[in-house]
Amino acid sequence: MMEININSKIEIAKLVTKIENHDDDLSTWAIKNIKGAQIIGITGVFGSGKSTLISKLAVKFLSEGKRVAVLGVDPSSPFSGGAVLGDRIRMKDLNRYENVYVRSLSSRGKVGGLSYFTADVVNLFDALGFDVIIIETVGSGQDEIDIYNIAHTIVVIQVPTLGDEVQVIKAGQMEIGDIFVVNKADQGPADEKIREIETLITPRENGWIPKIIKTVAVRNQNIDELKNAIEEHYSYLKKNNMLYEKLILRLKYLLKQHITFELDNLMDSSISSQIAESLLKEKSITGSVNEILKILGEKYGEGRNI
Amino acid sequence: MEKEEIYREKLEEWKKIYSKSISRIPERENTKTLSGIDLKTFYSPLDIQNFDYFEKLGYPGMYPYTRGIHPTMYRSRYWTFREFSGFGDAIETNRRLKFLIEHGETGLSIAFDYPTLLGLDSDNPLSKGEFGKAGVAINTLEDMQLMFDGISMKDISTSMTINGPAAILWALYIVAAESQGAKRSELMGTIQNDILKEYMAQKSFIFPPEQSLKLVIDTIEFGSREMPMWNPISISGYHIREAGATAVQEAAFTISNGLTYVEESIKRGLDVDDFAYRLSFFFDSHIDFFEEIAKFRAARRVWAKEMKRRFNPKKERSLWMRFHTQTAGVSLSAQQPENNIIRTALEALAAVLGGTQSLHTNSMDEAWALPSEKAVMIALRTQQIIAEESGVANVVDPLGGSYYIEWLTDRMEEDIYRYLDKIESLGGVIAGLRKGFFQREIAESAYKFQKDLEENRRVFVGVNRYKIDEKLEIPILKVPDELEERHLARLKRFKENRDISKMHESLNRIKKYADSDNLMRYIIDAVRAGATLGEITDSLKEVWGEYIEPVIW
Amino acid sequence: MRKIRILIAKPGLDGHDRGAKVLARALMEEGFEVIYTGIHQTAEDIVRTAIEEDVDVIGLSILSGAHMYHFTRVLELMKKNGLNDVLLIGGGIVPNDDREKLRDMGVAEIFMPGTPINEISEFIRKNIKRPS
């Protein structure tokens, strides 16, 4: 396990696959080897230019000699469990760099939000020696909460409004954003959008006052400003000793995801149908829930790492 | 309607016969059009109530031109028979062009290879493996001159299927023709030059949409001033359709693209009557016979109505939708390829009954290869049989007045308008593109179509029904290596024999005026100074950047 | 539990992505995880993506006639990077003798236009080189 060649993308890729397929040992190893990578969550709707922005931002970190991992998370089809992961296309520029690894994860049938094992993959990247980990999400409610639990800094991307479609800034995004980016600032009334955001933001719980930055990612405009803001936020966390807190939050979230995974699987099985059926007869809710939890407890740890 | 009660009464009678009939032999399940429009058993005067002849049809050559843009249509002159050519290098293509002229083709149509379509010279590393495959490689003025060697450019009309770098290929054509002694004002032809549909469907774009659109308007402006016989744009639904759109989407997206070009040209300061009459269109003719005819008629009517309503031109001709048609490449099958001759004949007939101005009939092997000479000949003969044997060209709009055709034409018009409204509410074509609206609509239709095939709701003869055990022989016209070698050697020599500093000066002027002036003049100068297609494109990429499309489902 | 991951890519300069997109979506609906790279990919882009995404299958869609060049390049790079357990398939218009040549070189199958999608997905399930 310790002989992983960080320069081998093939090896890294295979480890990610293992984690995606629920390898507790590997996930545990990753946690023990966390080195403290900087984790950035970037969320924005389709057409906000987030992939382009991520690719430009990654280049900034790469030029400082840092190793960067990018994790794109796409929802999977709730029916087939399959997924089409297509965001890499705008990160093609990154193919020119050796020290960056890009991977797409699907949510694997989990309804809404990130894949169960996103935090595990992030830990793996950290343990493998990546300095910066960027997670891209589409901003669909649940995944905003997920990403809040994983990332140090959250960047929310908005674009100037085009046409007569109203683009509402979602409440959830207002609450989690550490930095707001108005991208594609050359394509519409960007300043209007900035004023709109200004009226809505409030200081975060930890005292940080969110920043707003105007960018044109395709032309590489103001990417330095964005990077500086991210660094500033990260230093703020560091200075106030909040990084450890964030790590514990991430690990708590990781545990919860593992439990949720087991529970979801169990609830999809025929045993839980039988238990549910027994509710119609003699069983109480408390009794049934206890029965499920008992099975969960017995089952856990068995048949792992297949 | 007169005697409406009688029609209704009789209809009740009919319904009784109908139910008796279907209790014995039920109707088939799939009677929708190719685009999914539900059809009734038959159509009658009840389906086209309040049908005002002059509002809906008019006489041929009169507003709203539903029956055709000319008073006599094919009674005076047949549509232009135009077969696509272009293969390998300029010299090889020259040979094919002469072959087609010899066999009665009345207009040339040039296809370019992929590097040329993307503004790349053949010596660019990205061009590797693609030389001369889907068309001819044209990089330099010398190439263009060789392609037309022995063909009098002032006497023939040439259509060039080129979009991203259309302005450059046009400049090459103009300078080549002038070197034959022709005047640019007498040149006839078309450059496709419809960049908006590239972002929607065909994906041969180079620059971002806004800058590309600027370049297109440059060509329209230049054409209106200096080339009155040339169509500076062919607003194309063909590729949108081939990418999977329905007939309605094809017509609606094409019309909204057309209106965008008109608006932008007027913003540039042009008078609508100075250029609108030179706008031409290009449609697909797919396998659903009546739906296609209705599409052509509806598109012509909507275009005339919208041009009139929005821009109120003084010239009648500014209201005309003149169009070229190609039969549907996607309707062809690799299996039992001879069947494609029949498909193409039906589609060609629909285009003629729909009033097309020119027509390309696909060759039976065109779905998977550049067509062989024999196959091209059959395709051309298909048009000649329709025109000169069948008699369908003897009367203008022979299906006009058919209850079904008129109902379907109205229905398509309605559906087209629904899309036009939607596009407007999105903020126009470019905003819609940025939002992925068109791409999503097309992908959705394509997927639905495929599902229908897979689940046997739609029959594709020889593919999902009536299959035979056959060894699929896919003949392919291979591009001999010598052509590429010959071309590359010529390109190298060409680059060595020019005044480099003069050439660079000309490129610098292009960069300098990219955003602020009409570029046609500077591009023509650059061509004269020996700049290649790739060099001119690169100089514009430096200023404008390149476009990468978002992935849209 | 393990999902089969498939890379669908369009090498070269042709932009006809209708087939590639329809296939990607249909494979998704059959439960595969599909990574779609879009148009204008170089062989280097494709193989790098295949490595990073740890895919079981690479599917190339080519309609430009430039299949010999692009398949050869992708195969070379796959060999160079040791992707021996990745299945390479293709779709598009490829004449018979070229198809034979490509099979000999290591392309598992080339599907013609008109091939039913379930035929393709069945082929993938049967022929993937890694245990599923």
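Here are a few worked exercises on this predicted model, each with a solution in steps.

**Exercise 1. Work out how chain C sits against chain B: how many residues does each chain bring to the contact, and how much area do they bury?**

Step 1: start with the residues. Chain C puts in 36 and chain B puts in 42.

Step 2: turn to the area. About 3,100 Å² is buried between chain C and chain B, and carbon and sulfur atoms account for 59% of it.

Step 3: look for the big contributors on the chain C side. Leu13(C), Arg18(C) and Arg25(C) supply 25% of the area that chain C buries against chain B, more than any other three residues.

**Exercise 2. Find the polar links across that interface, then say which elements of chain C touch chain B.**

Step 1: count the salt bridges. There are two across the interface of chain C and chain B. One of them pairs Arg25(C) with Glu444(B), with 3.2 Å between the closest N and O atoms.

Step 2: widen the search to polar contacts. Nine residue pairs turn up between chain C and chain B, with both residues at pLDDT 80 or more.

Step 3: map the chain C side onto its elements. Those giving two or more residues are helix H1 (18-29), helix H3 (67-80), helix H4 (96-105) and helix H5 (117-127) of chain C. H1(C) has the largest share, with seven residues.

Step 4: sort that side by class. You get 15 nonpolar, twelve polar and nine charged residues.

**Exercise 3. Go after the backbone oddities in chain B: where do they lie, and is Tyr65(B) buried or exposed?**

Step 1: check omega. The peptide bond joining Tyr63(B) and Pro64(B) is cis, with omega about 0°. Pro64(B) lies in the loop between helix H2 (53-56) and strand S1 (80-85) of chain B.

Step 2: check phi. Tyr65(B) isn't a glycine, yet its phi is positive, at about 65°. Tyr65(B) also belongs to the loop between H2 and S1 of chain B. Its relative accessible area is 0%, so Tyr65(B) is buried.

Step 3: try another loop. Asp397(B), again not a glycine, has a positive phi near 45°. You'll find Asp397(B) between helix H14 (373-388) and helix H15 (403-425) of chain B. With a relative accessible area of 7%, Asp397(B) is buried too.

**Exercise 4. Take some salt bridges from within the chains and ask how far apart in sequence the partners are, and whether they are buried or partly exposed.**

Step 1: get the total. Over all chains, the whole structure has 85 salt bridges.

Step 2: take a pair within one helix. Glu231(A) and Lys227(A) form a salt bridge, their closest N and O atoms 3.3 Å apart. They are four residues apart in helix H8 (residues 223-239) of chain A, so about one helical turn separates them. Glu231(A) is buried at 18%, and Lys227(A) is buried at 7% relative accessibility.

Step 3: take a pair that spans two parts of a chain. Glu221(B) bridges to Arg268(B), the closest N and O atoms being 2.9 Å apart. Glu221(B) lies in helix H8 (residues 209-226) of chain B and Arg268(B) in the loop between helix H10 (247-267) and helix H11 (272-275), so the pair ties together parts that are 47 residues apart in sequence. Glu221(B) is buried at 8%, whereas Arg268(B) is partly exposed at 29%.

Step 4: finish with a network. Salt bridges link Lys14(A), Asp54(C), Asp56(C), Asp85(C) and Arg130(C).

Note on methods. Residues numbered from 1 in each chain as written. Chains lettered and ligands numbered in written order. Predicted model: local features only at pLDDT ≥ 70, side-chain atom pairs only at ≥ 80, totals over all residues. Heavy atoms only, no water. Contact = heavy atoms within 4.5 Å. Buried area = accessible area lost by both parts, 1.4 Å probe. Salt bridge = Lys/Arg side-chain N within 4 Å of Asp/Glu carboxyl O. Polar contact = N/O pair within 3.5 Å; in protein donor to acceptor, adjacent residues only side chain to side chain. Nonpolar A, V, L, I, M, F, W, Y, C, P; charged D, E, K, R; others polar. Buried < 20%, exposed > 50% of the residue type's maximum accessible area, 1.4 Å probe, protein only.
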